Amino acid sequence: MDRQTEVSLLREVIGLADQKSAYLDPEISHSPISRYMSPERYEREHTMLFRRKPIVVAQSLELIGEHAFIAKNFLGLPLLLTRDGEGKVNVFLNVCRHRGAKIEREATGCKRVFTCPYHGWSWSNHGDLRAVPHEGQGFPDLPRAERGLRRLPSHEAHGFIWVIANPDAAEITDIGRWLSGLDGDFNWLGLADHRIAVMETINIKANWKVLFEGGLEAYHFRVAHKDTIGPYFHDNLSTYKQFGPHIRAVLPRLSLSNLKDVPQEQWDIRQHANLLYMVLPNIQMLVQQDHVMLFHFEPKGVDLTHVRMATLVPNSAPQTAEMQAHWEKNQKITVTALAEDFELGEEIQSGFASRGNPSHIFGRYEGALNRFNLVVEELIAT
Ligand code: FES
Ligand SMILES: [Fe+2]
């Protein structure tokens with residue numbers, strides 16, 4: 001984010017606070033509940049969105065050092081991520097090219113060569129087939145080049161490893177195109193120069209979109225979060241902007257009101273507002289004063305979502321017990337508030353079956369939720 005944007009966003013929310021209004025979309029909108037509960041719809045999102053567009057499968061910091069690897073199942077695919085001797089990230093299907101066994105069973109480690117536990121075929125961490133036991137007799141003239149590990153298009157940028165979860169898809173040549181103008185904000189955040197201070201995971205019995213929607217409005221803050229974070233935020237004050245399929249929401253804290261007495265040169269948006277970046281299809285970043293909370297989503301089914309929640313702190317922050325206690329306290333505050341959102345999300349999901357609502361209604365200050373849903377509709381339509 002450049003300085004001009006930072007100041008103009010603060011000006012915008014100060015103006016809205018003066019008018020006692022959130023940013024308003026022109027109209028109310030409706031969201032059919034089939035979006036969140038139909039297995040066919042979920043299948044379509046899986047195929048058309050999660051298997052077609054760049055997803056974040058890991059953070060760069062999970063794959064540090066030459067010959068590091070991660071083996072994990074993600075979105076139903078067995079993946080093997082390697083960092084080769086040149087420091088480049090490779091993402092393969094963790095599936096043997098002989099008869100399909102899972103090649104690497106350890107979750108993480110450091111290896112140059114991966115050997116299948118079934119018949120012992122092995123591959124380099126570049127994915128080249130290196131050795132086949134009894135090859136001469138059993139596999140005369142084996143076209144080795146055709147038996148390399150199946151590679152998925154991948155790209156490392158901004159501290160994340162992005163992958164298109166389809167081995168037949170074209171390479172990711174320009175992640176900036178997918179980020180649609182958010183590159184500058186990613187540079188401003190500098191997450192490649194952060195470390196994880198605290199991390200936890202949770203499974204939530206709700207559709208991934210119900211959870212995404214929860215972060216895009218401040219209408220619920222003073223009600224759902226009245227005993228936690230609600231009192232620290234302006235009531236129902238927020239604004240948002242779309243960047244292609246992604247959204248940046250600004251959620252001002254009460255301290256925004258003090259800014260009028262501060263020279264503009266000293267305005268710092270992170271001191272007076274939370275920023276929520278929703279980067280489709282599977283991360284959200286909640287930018288707070290001195291750290292960023294990352295939410296890494298993995299939809300597991302139409303009504304089940306796995307979320308990894310990590311407090312990312314600048315590498316320059318002192319690594320002391322005192323600071324660690326500070327990060328842990330912050331993570332706890334955010335997760336306690338989120339538990340309120342997640343409980344609501346699970347209740348909403350379980351209420352769908354009652355058919356009490358054929359659709360949800362979004363007010364004019366919940367326009368970001370409608371935009372998000374329209375983007376998903378568009379992406380799965382083509
Ligand atoms: S299945 Fe892997 S070597 Fe045979
Ligand atoms: Fe919330």
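**View 1. Contact between domain 1 and domain 2 in the predicted model.** In this predicted model, 24 residues of domain 1 are in contact with 19 residues of domain 2. The domain assignment places residues 3–52 and 180–381 in domain 1, and residues 55–171 in domain 2. The C-alpha centres of domain 1 and domain 2 are 33 Å apart, and the two domains bury about 1,700 Å² between them, with carbon and sulfur atoms accounting for 63% of that area.

**View 2. Polar pairing across the interface of domain 1 and domain 2, and the elements of domain 1 that face it.** One salt bridge is found across this interface, and six residue pairs, with both residues at pLDDT 80 or more, are in polar contact there. Arginine 308 and glutamate 62 form a salt bridge through their side chains, with an N to O distance of 3.7 Å. On the side of domain 1 that touches domain 2, at least two residues each come from α3 (39–50), α6 (183–189), β12 (194–204), β16 (283–287), β17 (292–301) and β18 (304–314). The element that gives the most to this side is β17, with five residues. Sorted by class, the side of domain 1 that touches domain 2 comprises 13 nonpolar, five polar and six charged residues.

**View 3. The salt bridge of arginine 371 and aspartate 25.** Of the salt bridges in the whole structure, which number 15, the one shown here brings the closest N and O atoms of arginine 371 and aspartate 25 to 2.8 Å. The pair links distant parts of the chain, since arginine 371 belongs to helix α11 (residues 367–381) while aspartate 25 lies in the loop between α1 (3–19) and β1 (29–32), 346 residues apart. Arginine 371 has a relative accessible area of 28% and is partly exposed, whereas aspartate 25, at 5% relative accessibility, is buried.

**View 4. The salt bridge of aspartate 227 and lysine 226.** The closest N and O atoms of this pair are 4.0 Å apart. Aspartate 227 is exposed, its relative accessible area being 66%, and lysine 226 likewise counts as exposed, at 51% relative accessibility.

**View 5. The salt bridge of glutamate 298 and lysine 300, with a separate note on a salt-bridge network.** The side chains of glutamate 298 and lysine 300 come to 3.6 Å, N to O, in a salt bridge. Glutamate 298 is buried at 6% relative accessibility, while lysine 300 is partly exposed at 45%. Elsewhere, Arg35, Arg41, Glu45, Lys209 and Glu377 are joined into one network by salt bridges that share partners.

Notes. Residues are numbered from 1 along each chain as its sequence is written. Chains are lettered from A and ligands numbered from 1 in the order in which they are written. This is a predicted model: local features need pLDDT of at least 70, side-chain atom pairs count only at pLDDT 80 or more; totals for chains, interfaces and linings use all residues. Side-chain values use heavy atoms; hydrogens and water are left out. Domain bounds come from an automatic or database domain assignment. Contact means heavy atoms within 4.5 Å. Buried area is the accessible area (1.4 Å probe) that two parts lose on being put together, summed over both. A polar contact is a pair of N or O atoms within 3.5 Å; within protein, one must be able to donate a hydrogen and the other to accept it, and residues adjacent in sequence count only if both atoms are side-chain atoms. Helices (H or I, at least four residues) and strands (E, at least two) are DSSP runs, numbered from the N terminus. Ala, Val, Leu, Ile, Met, Phe, Trp, Tyr, Cys and Pro count as nonpolar, Asp, Glu, Lys and Arg as charged, and the others, Gly among them, as polar. Buried means under 20% relative accessible area, exposed over 50%, partly exposed in between (1.4 Å probe, protein chains only).
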